[in-house]
Amino acid sequence: MEKKYWFFLIIFTLVAVWSGYQPYEAGLWFLEAGICLAAVVILMTTFKRFRFTDMTYIFILIHLIILFVGAHYSYARVPLFDCVKEVFDQDRNNYDKVGHFAQGFIPAMVARELLIRLDVVRKKGWIPFFVTCICLAISAFYELIEWWTAVLSGDGAEDFLGTQGYVWDTQSDMFCAMIGAICMLIFFSRLQDRQINKMARPDYSEKNN
């Protein structure tokens, strides 16, 4: 494995250790951070069979860091966004919206790369539609997980859901995910295509095998 991937793992490990040190609530941390740990295990076990582009790995790492920050403080209590709340006179800490934007943006990048490189969709014009639908499905399923976990956890429901009394929180979360997916498709599709084409070159395959 190349040095850059070890570098990604080192950053992930350092952030994970920081996040797990005296989190706001230990049980909540395991619920939130467990997703990050599971994602890295999956990426490592499938690395030899399917290697994503460097750009995708970098954005996955950014997404994991966003999740770890939320797991450490709880999404309703991230200090920086408390300051933003005061400066802009907002009613709530909106860090969770950053998380849900990323929940659309990064899965869109992953889904698009899989659809293209595995040749899942023959008519390429349909790819943006399917990518957006996949991201909305992921967002909806995550909202279901939040609901089920909140019902089972009882006292920790409010912290895990992070609704902060906002009645349309679930809908706005899914909207943020959709906006994130659309932003990825508009602003990063060409760059991703270049990286995918680079990986397809024989000289790249020989160098990385």
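Phenylalanine 8 is buried in this predicted model, with a relative accessible area of 16%; buried denotes under 20% relative accessible area, exposed over 50% and partly exposed the range in between, computed with a 1.4 Å probe on protein chains only. Tyrosine 5 likewise counts as buried, at 5% relative accessibility. The two residues are three apart in helix 1 (residues 3–20), so about one helical turn separates them; helices are DSSP runs of H or I with at least four residues, numbered from the N terminus.

The structure holds 18 aromatic pairs. Tyrosine 5 and phenylalanine 8 form one of these, an edge-to-face pair at 6.1 Å centre to centre with 75° between the planes. Rings of Phe, Tyr and Trp (its six-membered ring) pair if their centres lie within 6.5 Å, with planes under 30 degrees apart counted as stacked, over 60 as edge-to-face and the rest as tilted. Tyr5 and Phe8 also belong to one aromatic cluster with Phe47, Phe50, Phe52 and Tyr57.

Within that cluster, the face of phenylalanine 50 has arginine 117 lying over it, at 4.2 Å from the ring centre. For this assignment, NZ of Lys or CZ of Arg must be within 6 Å of the ring centre and within 35 degrees of the ring normal.

Residues are numbered from 1 along each chain as its sequence is written, and side-chain values use heavy atoms, with hydrogens and water left out. Because the model is predicted, local features need pLDDT of at least 70 and side-chain atom pairs count only at pLDDT 80 or more, whereas totals for chains, interfaces and linings use all residues.
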